[in-house]
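Q: I would like a close look at one part of this structure, followed by a connected account of the surroundings that can be read from the atoms. Please take the side chains one by one.

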Amino acid sequence: MAIVVENVNKQFGSFKALDNINLEIKKGSLVSLLGPSGSGKSTLLRAIAGLEPPDTGRIWISGEEATRKTVQDRNIGFVFQHYALFKHLTIRENIAFGLRIRNAQKARTNARVNELLELIQLAGLGDRYPSQLSGGQRQRVALARALAVAPEVLLLDEPFGALDAKVRKDLRNWLRRLHDEVGVTAVLVTHDQEEAMEVSDEIVVMNKGRIEQVGTPAAIYDHPATAFVMSFIGPVNVLPSSSRLFQHSRFDSPSPEVFLRPHDVVIDTNPGETRTSAIVNRVIHLGWEIEAELTLDDGQGVKAILSREQFDQLKLKPEQRVYVRPKKAKSFPLTPSVAGLAV
């Protein structure tokens, strides 16, 4: 394992930021720490970096205990949300900064900078200053500067949070390709579910200072371990177990709430024994998919997501009566350690 976090706790006054965290991150993997504000993801990243020493517990990096090591002795690269580039230095000088303070030979430094400029697709722009680059280009320079010293671990704290949606999307794809080329162990903090799903080998879902679930993006989405994970990862309808939508299904809920993904709501224009009547309130076009907002006869609101092909077949419009059934739903026992039930 490249990183092992063992029984780590961190408290700020009465606020428990990290509550007995245990985590193993494989060498060469890209892992996202995902959760809402205050979940502890940035505190955990800073503890791994050495910027926030834990109150109790231990941290291991590449087989060596790093709990009390300084930031400089951990051989990590750190990329922040706001670039933190030196405005008075050129792009080339920014990338070379870490090597120069380590007194690396000039020839080696120049070769490494040229290699990284090629890698981040900014060859030929090395003599420009940060103010002459776009936000996306500046963030690529920040990544190159972190990689220049060949760190064992690369830590990224919401690196794309200050960029617009199109640039973030492009940089996510670029980051994944870059990681696959370089092979460094990377830990990414994000609150963006789509970002975590798109780039990660594994996702660590955090809530209130604790780890709710660790798994691949597919496992996290398809097999959520707790009600929080299912409600946080991807869109979901939360309905009472007494809803008429479930009256014809073989669903025995262990809790008062049932979770139903919008794409698991099946819509038909014809009534049927296993279907429940609903009215279409609104149809929202989202490009390649369509979202329909429905109201069941018992007054419960439900969202459904359809492919464009399904929508074209159904020809849904507001005030139309339709008939729906759940394809798959999930409920969780009151104790989060027990697996959920599915139909």
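Which backbone oxygen lies 3.4 Å from a polar atom of the side chain of Arg261?

A: In this model, which is predicted, the backbone oxygen of Tyr221 is the atom that lies 3.4 Å from a polar atom of the Arg261 side chain. The side chain of Arg261 also reaches a second backbone oxygen, that of Pro235, at 3.1 Å. Arg261 itself is found in the loop between β12 (257-260) and β13 (265-268), and, once residues up to four places away in sequence are set aside, it touches Tyr221, Met230, Ile233, Gly234, Pro235, Val236 and Asn237. Both residues that offer a backbone oxygen, Tyr221 and Pro235, are therefore also found in that list of contacts, where contact means heavy atoms within 4.5 Å. Arg261 is buried and yet has no salt bridge, the nearest side chain of opposite charge being that of Asp264, 6.0 Å away. A salt bridge requires a side-chain nitrogen of Lys or Arg within 4 Å of a carboxyl oxygen of Asp or Glu, which is why a separation of 6.0 Å does not qualify.

A second arginine to set beside Arg261 is Arg176, found in helix α5. Arg176 counts as buried because its relative accessibility is 17%, and buried means under 20%. The side chain of Arg176 has a polar atom 2.7 Å from the backbone oxygen of Val199, and it makes a polar contact with the side chain of Asp201 at 3.2 Å. Leaving out residues up to four places away in sequence, Arg176 touches Leu30, Val199, Ser200 and Asp201.

Helix α5 also carries Arg172, which forms a salt bridge with Glu198, the closest N and O atoms being 3.3 Å apart. Arg172 lies in helix α5 (residues 165-182) and Glu198 in helix α6 (residues 193-199), so this pair ties together parts that are 26 residues apart in sequence. The two partners differ in their burial class: Arg172 counts as buried at 3% relative accessibility, whereas Glu198 counts as partly exposed at 26%. Arg172 and Glu198 also belong to a network of salt bridges that links them with Lys169, Asp192, Glu194 and Glu195.

Helix α5 appears once more in the lining of a cavity. The structure holds one cavity of 30 Å³ or more, and about 50 Å³ of space lies in the largest cavity. Its lining is made up of Leu30, Leu147, Leu154, Leu156, Leu175, Leu178, His179, Val182, Val184 and Ala186. To this lining α5 gives the most, with four residues, while β7 (153-157) and α5 each supply at least two. One of the lining residues, Leu30, is also touched by Arg176.

Another lining residue, Leu147, leads on to Leu116, which lies in helix α3 (residues 106-119). Apart from its neighbours within four places in sequence, Leu116 is in contact with Ile95, Ala144, Leu147 and Ala148. Leu116 is buried, with a relative accessible area of 1%. Leu116 and Leu143 are 27 residues apart in sequence, and their C-alpha atoms are 9.5 Å apart in space.

To return to charged pairs, the count for this structure comes to 22 salt bridges. Among them is the one between Asp55 and Lys10, in which the closest N and O atoms are 3.6 Å apart. This pair links distant parts of the chain, with Asp55 in the loop between α1 (41-49) and β4 (56-61) and Lys10 in strand β1 (residues 3-12), 45 residues apart. Asp55 counts as partly exposed at 41% relative accessibility, whereas Lys10 counts as buried at 10%. A further salt bridge joins Arg282 to Glu293, the closest N and O atoms being 3.9 Å apart. Here the partners sit in two strands, Arg282 in β14 (residues 276-285) and Glu293 in β15 (residues 289-296), and are eleven residues apart. Arg282 counts as partly exposed, at 46% relative accessibility.

Seen against these pairs, Arg261 is a buried arginine without a salt bridge, with its side chain 3.4 Å from the backbone oxygen of Tyr221 and 3.1 Å from that of Pro235.

Key: Residues are numbered from 1 along each chain as its sequence is written. This is a predicted model: local features need pLDDT of at least 70, side-chain atom pairs count only at pLDDT 80 or more; totals for chains, interfaces and linings use all residues. Side-chain values use heavy atoms; hydrogens and water are left out. Buried means under 20% relative accessible area, exposed over 50%, partly exposed in between (1.4 Å probe, protein chains only). Lys and Arg count as positive and Asp and Glu as negative; His and the chain ends are not counted. A polar contact is a pair of N or O atoms within 3.5 Å; within protein, one must be able to donate a hydrogen and the other to accept it, and residues adjacent in sequence count only if both atoms are side-chain atoms. On a 1 Å grid over the protein atoms alone, a cavity is a set of points where a 1.4 Å probe fits but cannot get out, and a pocket is an open set with protein on both sides within 12 Å along at least five of seven lines; lining residues have an atom within 4 Å of a point. Grid points are joined across faces, edges and corners, and a volume is the space filled by probe spheres set on the points.
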